[in-house]
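Me: Could you walk me through this structure feature by feature, giving the general idea before each case?

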Amino acid sequence: MSGEDAPAQQQNAVDQKQETKPTEEPKTETESAPAAGAAEAAATPAATTEKVPEEEAFTYRALVLTGYGGYDKVKLQVKKGKPVLKAGEIMVRVKACGLNFADLMARQGLYDRLPSPPVTPGMECSGVVEAVGEEVTDRKVGDKVMVLSRFGLWQEVAVVPAAHTFLIPEGMSFEDAAALPVNYITAYMMLFDFGNLRPNQSVLVHAAAGGVGIAATQLCKTVKDVTVFGTASATKHETISEGGVTHPIDYRTKDYVEEVRKISPKGLDIVLDPLGGSDTHKAYNLLKPMGKLITYGTSNMLAGQKKNLLAVAKNWYHQFSIHTLSLIQGNKSVCGFHLGYLDGEMELISQAMDIVLDLYKQGKIKPRIDSTWHLEQVGDAMRKMQERNNIGKVVLTTEPMPEEEKKEEPKKEDKKEDKKKDDKKKDDKKKDDAKKEEKKDDKKKEEPKKEEKKEEEKKEEPKKEEK
């Protein structure tokens with residue numbers, strides 16, 4: 001989400017990368033001192049002995065996407081050297097980071113707003129301002145801020161343009177602050193800037209138990225008598241109903257189109273579509289006259305840890321396309337939203353954020369945190385979100401993992417391996433049982449044939465006697 005100059009800043013020579021194991025002391029290359037600094041050091045060797053070690057001693061941990069693929073491609077590394085601020089930039093000591101679906105797609109190479117690996121992901125975080133660059137007048141050291149950027153925020157220290165930060169309201173936790181920017185700005189701009197949501201309207205929210213889904217539901221409840229249809233697995237229905245979903249639908253066991261039509265035969269006023277593919281066609285057909293379809297993702301492409309070419313191809317094959325004449329005759333509108341491509345529109349984003357923060361202060365909205373994970377546990381955090389086991393926001397904390405928990409991690413891995421082995425044994429047993437059942441069925445099928453043969457042989461006996 002940051003400007004085009006941000007990638008260069010966040011991935012500069014300061015951010016030298018080298019893969020390491022999460023539980024080991026990572027090795028990194030030290031940033032080379034600037035030429036001017038070297039000249040000054042040569043002139044004043046006494047001062048150098050004090051300043052250079054101080055600069056070199058500045059280290060911070062960062063999560064780095066080392067290549068496209070599974071959860072293990074995001075590794076925890078240590079970077080050396082204090083970042084240099086440009087005019088208009090600030091340095092933030094990060095406390096918490098938000099995990100978004102776009103981060104999962106980026107890991108598989110399906111998100112084009114993230115530069116090629118090696119790169120630090122992360123679109124949102126919260127923390128404390130630690131240093132301020134020239135020309136920055138509205139931020140000071142010690143300010144608590146939330147940050148919105150195109151990438152580069154999954155690390156303990158982040159350098160960002162001051163314009164990409166927002167002051168955290170009094171009483172808001174760092175976890176809530178990290179969970180708010182992407183989800184709530186996305187939901188607000190779709191519902192109100194595109195959707196023009198008004199009283200007595202109806203809205204379909206897919207993935208209603210996810211970060212954007214919960215944000216959209218809460219925002220719908222700020223408008224009088226809005227009916228919210230929300231899709232989620234059955235185990236999440238109680239939670240999303242308490243959060244404001246009027247009609248929860250289990251998309252795994254029911255056809256959500258049929259369920260919506262039963263309750264609202266004429267269709268819906270707004271459909272928020274993060275799925276893509278054939279579901280976008282369904283969404284358009286569910287609109288009533290003057291209805292609005294807002295598509296903002298292609299999560300149907302994500303199937304498994306690594307890129308699934310079949311899922312990608314299927315999604316593109318079923319890509320939604322429509323003629324303008326059909327839009328005119330149907331009195332419907334189709335909108336596309338992608339927060340990552342609005343990085344040059346910070347004034348527009350700031351307006352939306354101001355309204356969102358006002359609603360937070362009024363107690364009308366509040367992020368729901370599903371779980372918080374240490375940077376060392378990023379693989380587990382991504383797995384939970386990708387397998388749709390979360391209700392609300394998955395958050396990463398930069399607080400180092402306690403030694404006791406680190407010792408428990410190998411045991412957890414052993415348990416996972418044991419579980420995999422047990423599952424494999426169960427699967428093998430099921431296969432063996434199935435084969436045995438097949439053999440029994442074959443024997444049963446053979447029995448009538450044997451009886452028929454005996455009967456035929458009996459019939460043949462008199463004929464032989466006659467001969």
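**Reading the model step by step**

Reply: Let us start with one residue: I240 lies in helix α8 (residues 237–242), where helices (H or I, at least four residues) and strands (E, at least two) are DSSP runs, numbered from the N terminus. This is a predicted model, in which local features need pLDDT of at least 70 and side-chain atom pairs count only at pLDDT 80 or more, while totals for chains, interfaces and linings use all residues. Residues are numbered from 1 along each chain as its sequence is written, and side-chain values use heavy atoms, with hydrogens and water left out.

Me: Is I240 buried or exposed?

Reply: The words have fixed limits: buried means under 20% relative accessible area, exposed means over 50%, and partly exposed is in between, with a 1.4 Å probe and protein chains only. I240 has 3% relative accessibility and therefore counts as buried. Leaving aside residues up to four places away in sequence, I240 touches A208, A209, G230, A232, V245 and P248, where contact means heavy atoms within 4.5 Å. One of these partners, A208, is 32 residues from I240 in sequence, yet the two are 6.8 Å apart in space, C-alpha to C-alpha.

Me: Where does Q108 lie, and which class does its accessibility give it?

Reply: Q108 lies in the loop between α4 (101–107) and β4 (124–132), and with 2% relative accessibility it counts as buried. Q108 and G70 are 38 residues apart in sequence, and their C-alpha atoms are 7.3 Å apart in space.

Me: How many helices and strands are there in the protein chain, and what share of its residues is buried?

Reply: The protein chain has 15 helices and 15 strands, and buried residues make up 46% of its 467 residues. If you take the contacts between residues at least 6 apart in sequence, 71% of them join residues at least 24 apart.

Me: How should I read the packing of two helices, and at what angle do α6 and α7 cross?

Reply: Two packed helices are described by the angle between their axes and the distance between the axes. Axes are lines fitted to C-alpha atoms, for helices over the stretch in contact, and angles run from 0 to 180 degrees between N-to-C directions. The axes of α6 (residues 181–194) and α7 (residues 211–220) come within 8 Å and cross at roughly 50 degrees. That angle makes α6 oblique to α7, because angles under 35 degrees count as roughly parallel, over 145 as roughly antiparallel, 65 to 115 as roughly perpendicular and the rest as oblique. Residues in this contact include Y184, Y188 and L191 of α6 and V212, A215 and L219 of α7.

Me: At what angle does α6 cross α13, and which residues meet there?

Reply: The axes of α6 and helix α13 (residues 346–361) come within 10 Å and cross at roughly 100 degrees, which means that α6 is roughly perpendicular to α13. P181, Y184, I185, Y188 and M189 in α6 meet L348, I349, A352, M353, I355 and V356 in α13. Helix α13 also holds S350, which is partly exposed, with a relative accessible area of 22%. The C-alpha atoms of S350 and F166 are separated by 8.2 Å, although these residues are 184 apart along the chain.

Me: How do I recognise paired rings, and how many aromatic pairs are counted?

Reply: Rings of Phe, Tyr and Trp (its six-membered ring) pair if their centres lie within 6.5 Å, and planes under 30 degrees apart count as stacked, over 60 as edge-to-face and the rest as tilted. By this rule the count comes to 2 aromatic pairs. One of them is F58 with Y60, an edge-to-face pair at 6.1 Å centre to centre with 65 degrees between the planes; F58 and Y60 are both buried.

Me: What does it take for a charge to sit over a ring?

Reply: NZ of Lys or CZ of Arg must be within 6 Å of the ring centre and within 35 degrees of the ring normal. The charged end of R113 sits over the ring of Y341, 4.2 Å from its centre, and K332 lies over the face of Y284, at 4.6 Å from the ring centre.

Me: Which backbone features deserve a careful look?

Reply: Most residues other than glycine have a negative phi, and most peptide bonds are trans. Here a cis peptide bond joins P117 and P118, with omega about 0 degrees, and P118 is found in the loop between α4 and β4. N200, which is not a glycine, has a positive phi of about 70 degrees; N200 sits in the loop between α6 and β8 (202–205) and is exposed, with a relative accessible area of 59%.
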